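Colleague: Got a minute to walk me through this one? I'm new to it.
Modeller: Sure, have a look and ask away.

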2 protein chains.
Amino acid sequence: MHQPSATPLYLEDLAVGQRFTSVEYRLDEQSIKAFAAAFDPQPFHLDDALARTTIFGGLAASGWHTAAITMRLMVTSGLPLATGILGLGGEISWPRPTRPGDTLHVESEILEIVPSRSKPDRGIVKARNTTLNQNSEAVQVFTSKILVFKRPAGSGTG
Amino acid sequence: MHQPSATPLYLEDLAVGQRFTSVEYRLDEQSIKAFAAAFDPQPFHLDDALARTTIFGGLAASGWHTAAITMRLMVTSGLPLATGILGLGGEISWPRPTRPGDTLHVESEILEIVPSRSKPDRGIVKARNTTLNQNSEAVQVFTSKILVFKRPAGSGTG
């Protein structure tokens with residue numbers, strides 16, 4: 001398992017099957033409501049009493065809040081890419097809600113590495129990034145395509 | 001084209017090929033940096049001078065910021081579903097960056113409607129939601145699966 005403090009990685013440092021784990025992030029009711037008020041103002045993300053009458057059965061974070069936290073965890077510790085996490089897109093799903101008080105972390109696995117045919121300094125890396133709560137339940141699965149660069153010539157082996 | 005002020009829709013009001021357009025949302029440099037500081041702290045989302053040295057060629061919003069704004073636009077005007085936008089997931093891509101000063105809106109099209117076999121009160125609706133800037137360039141395409149409920153029995157035709 002890759003450690004959060006490890007050396008940033010270039011394309012040639014990655015291999016299919018590699019796994020990475022982020023640090024943890026706890027979110028509370030206030031942050032769920034603040035994000036929802038800004039970006040996803042629906043009752044089940046804003047009001048616990050109303051949320052209990054919906055399919056969520058209680059206050060739930062916006063899926064986009066979970067996605068944003070996931071990105072923070074990947075950028076700050078979970079996927080230590082030297083040239084940053086340049087996401088082109090991917091497939092996202094939210095198998096269960098994120099709740100107030102949940103502590104999340106992200107586990108990433110490299111699924112595929114496709115070097116560019118036209119640009120020898122880069123490639124597309126496909127990774128599955130699973131966001132888990134404190135009960136090891138997946139709250140989000142994001143299978144992403146990321147643009148990753150090779151180590152610049154003459155920069156050593158890092 | 002559906003108007004933002006229209007009556008909220010239930011599953012039986014939807015049809016493949018229907019299109020909806022949201023209101024507009026302008027984002028500025030300050031909001032790009034604030035979102036990035038919270039959720040996607042990478043140089044190309046935080047610092048214009050540094051961003052000019054990267055593949056973005058200048059400050060760009062986090063893709064997750066574009067996604068969050070897209071959700072706001074859909075919830076508040078773009079997809080007037082009576083039971084809310086209950087997203088199960090989907091395929092997301094960012095064909096070009098969102099820039100400071102961009103004015104975004106979302107165009108949604110219903111692609112597929114699949115009634116639930118086991119639960120007669122609901123179905124899954126697949127919609128393509130394209131987020132466009134002021135030059136009609138797509139900055140995000142999100143093909144989403146949304147849980148939509150039928151009109152409750154005895155509630156009239158809305």
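Colleague: Which residue is the bridge partner of Gly89(A) in β3(B)?
Modeller: That's Ser93(B). Keep in mind that this is a predicted model.

Colleague: And in which sense do β3(A) and strand β3 of chain B pair, parallel or antiparallel?
Modeller: Antiparallel, over 5 bridges. In chain B, the strand β3 covers residues 86–93.

Colleague: OK, zooming out: how many residues of chain A are in contact with chain B?
Modeller: 26 residues of chain A, and they touch 26 residues of chain B.

Colleague: Which elements give two or more residues to that side of chain A?
Modeller: Those are α4 (63–78) and β3 (86–93) of chain A. The largest share comes from α4(A), with 9 residues.

Colleague: What's that side made of, in terms of nonpolar, polar and charged residues?
Modeller: On the side of chain A that touches chain B, 14 residues are nonpolar, 9 are polar and 3 are charged.

Colleague: New topic. What turn lays chain A on chain B?
Modeller: A turn of 180 degrees, with a shift of 0.0 Å along the axis, and the RMSD is then 0.0 Å. The two copies are therefore related as by a two-fold rotation axis.

Colleague: Which C-alpha of chain A is nearest the axis?
Modeller: The one of Glu91(A), at 2.2 Å from the axis.

Colleague: Last one: why do we say the copies meet through the same surface?
Modeller: Because 100% of the interface residues of chain A are also interface residues in chain B.

How values were computed: Residues are numbered from 1 along each chain as its sequence is written. Chains are lettered from A and ligands numbered from 1 in the order in which they are written. This is a predicted model: local features need pLDDT of at least 70, side-chain atom pairs count only at pLDDT 80 or more; totals for chains, interfaces and linings use all residues. Two residues are in contact if their C-beta atoms, placed from the backbone, lie within 7 Å. Helices (H or I, at least four residues) and strands (E, at least two) are DSSP runs, numbered from the N terminus. Ala, Val, Leu, Ile, Met, Phe, Trp, Tyr, Cys and Pro count as nonpolar, Asp, Glu, Lys and Arg as charged, and the others, Gly among them, as polar. Two strands pair if DSSP finds at least two bridges between them. Copies are superposed by least squares on the C-alpha atoms of residues with pLDDT of at least 70 in both.
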